[in-house]
Amino acid sequence: MKRSILHVDMDAFYASIEERENPALKGRPIVVGALPGGRGVVSTASYAARAFGVHSAMPISRAARLLPHGVYLPVRMSLYAAVSRQVMEILARYTPLVEPLSLDEAFLDVTASERLFGDAVAIARKVREDVRRELSLPASVGVAPTKFVAKIASDMAKPDGMLEVRAEDVVSFLAPLPVRKIFGIGPESEAALKRRGFSTIADLQAKTESEVVRILGSFGATLHALAGGRDERAVDPVHEAKSHGRETTFARDVTDRRVLLDALLAFSADVAFELRRRRLVARRVELKLRYDDFTTLTRHRSLERPVQTARRIFREARALLDRVDPKRPVRLVGVSASALRHEEDGVQLSLFSGDADAKALRVERALDAIRGRYGKEGVRPASLVEGERTKRPSARDGDSR
Ligand code: TTP
Ligand code: MG
């Protein structure tokens, strides 16, 4: 059945909020993130600042050189999170099928809402109006029959616009785009595809599925389908977040592998705890390193069996670390878990399988309760603590930590 999908993405989200909070900043080049002189990066830049070449993830020192007279503001996360909730509340008026991807973007399946609110374009217009009127913020919306195309459309509609791609136009809409528009295609895959003769999506469309698979392997089937506008993925409202991760910038660059492993171990424990708290499992673990020259490298592994324990997340992160140059000084290290699913969707089996990983899961679950009450996460909602009382570990487990 033909579906109507919206991808809603706020424009220059953090910067737009700051501009709204202080109207004197209207139209000025705003950069939210680390402050000039510090070590961090740009979180986002207003469109006025982007005209100077400033963008997300750029070292703040570089931004300060490009834009010495910019307005530099620190990140106010709790404010942005509160606005994010208001945005998601507006989206939920039009369909229960809202899948947030991050603080400022979500997919909506409005197929069944069209009888109530008008066609998908009318709903997109209403969403943009509501957000503008009630929150004084700009949002862009893509309208398409699939997630993949809706997301590309919202990107093209920016800033403060809307773009509809009709089912009959999908193939010609995609054709001229570079293959990197397909998610999962980073700079490395893009180069590899180019070497094999695939620069644009049209190059993928021009071949049959089996030809693409022969050249690119099994991944080629997915690419070929997406290139042809075939994308059956449903809007899935259970995914609260795309990933859970922890990272840190060191005060001094690190070359000692043991220091990196210590950090990865601590982060793996945090990430696993967060997954279990949200009853999620992950099928992908990613290691992130930023070197002293600011090049950032990510390495990931996709996993057959979903993970939820620090033990396995750390093992994967360590294996990824083993594959990178051990001599380059590291300024930032991080680990994240993504491709999230609810734990009911399959992981429970391993709980009873009696292997070392299943045992680790039982032990870590037992420790969660202790961490919840005394751990560094501090006070947690009473209902959560209450729920964990039923499986409270003995005092001896606590001592053995
Ligand atoms: P994005 O939606 O990627 O960017 P944006 O909303 O600032 O700009 P636009 O969508 O118009 O291109 O990310 C949403 C917010 O997430 C962004 O305002 C700041 C934060 N963010 C970071 O902190 N670091 C990053 O590297 C990126 C990409 C975003
Ligand atoms: Mg955005």
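Partly exposed, as the term is used in these legends, describes a residue whose relative accessible area falls between the buried range, under 20%, and the exposed range, over 50%. All views are taken from a predicted model.

**View 1. Arg 39 and Asp 253 form a salt bridge.** The closest N and O atoms of Arg 39 and Asp 253 are 3.2 Å apart. Arg 39 belongs to the loop between strand 2 (30–33) and strand 3 (42–45), whereas Asp 253 belongs to strand 9 (residues 243–254), so the salt bridge ties together parts that are 214 residues apart in sequence. Arg 39 is partly exposed because its relative accessible area is 34%, and Asp 253, at 35%, is also partly exposed.

**View 2. The magnesium ion (ligand 2) sits in an octahedral site.** Its protein donors are Asp 9 (OD), Met 10 (O) and Asp 104 (OD), which lie 2.0 to 2.2 Å from the ion, and the angles among the six donor atoms of the site run from 80 to 176°. Asp 9 in strand 1 (residues 5–10) and Asp 104 in the loop between strand 5 (98–102) and strand 6 (105–109) are 95 residues apart, and this pair links distant parts of the chain. Asp 9 and Asp 104 are both buried.

**View 3. Glu 134 and Arg 133 form a salt bridge within a network.** The closest N and O atoms of Glu 134 and Arg 133 are 3.9 Å apart. Salt bridges with shared partners join these two residues with Arg 93 and Asp 130 into one network. Glu 134 is partly exposed, with a relative accessible area of 40%, whereas Arg 133 is exposed, with 57%.

Terms used
Residues numbered from 1 in each chain as written. Chains lettered and ligands numbered in written order. Predicted model: local features only at pLDDT ≥ 70, side-chain atom pairs only at ≥ 80, totals over all residues. Heavy atoms only, no water. Donors = N, O, S within 2.8 Å, 3.2 Å for Na, K, Ca; no water. Tetrahedral: all angles 85-135°; square planar, octahedral: opposite > 155°, others 65-115°. Helix = DSSP H or I, 4+ residues; strand = E, 2+ residues; numbered from the N terminus. Buried < 20%, exposed > 50% of the residue type's maximum accessible area, 1.4 Å probe, protein only. Salt bridge = Lys/Arg side-chain N within 4 Å of Asp/Glu carboxyl O.
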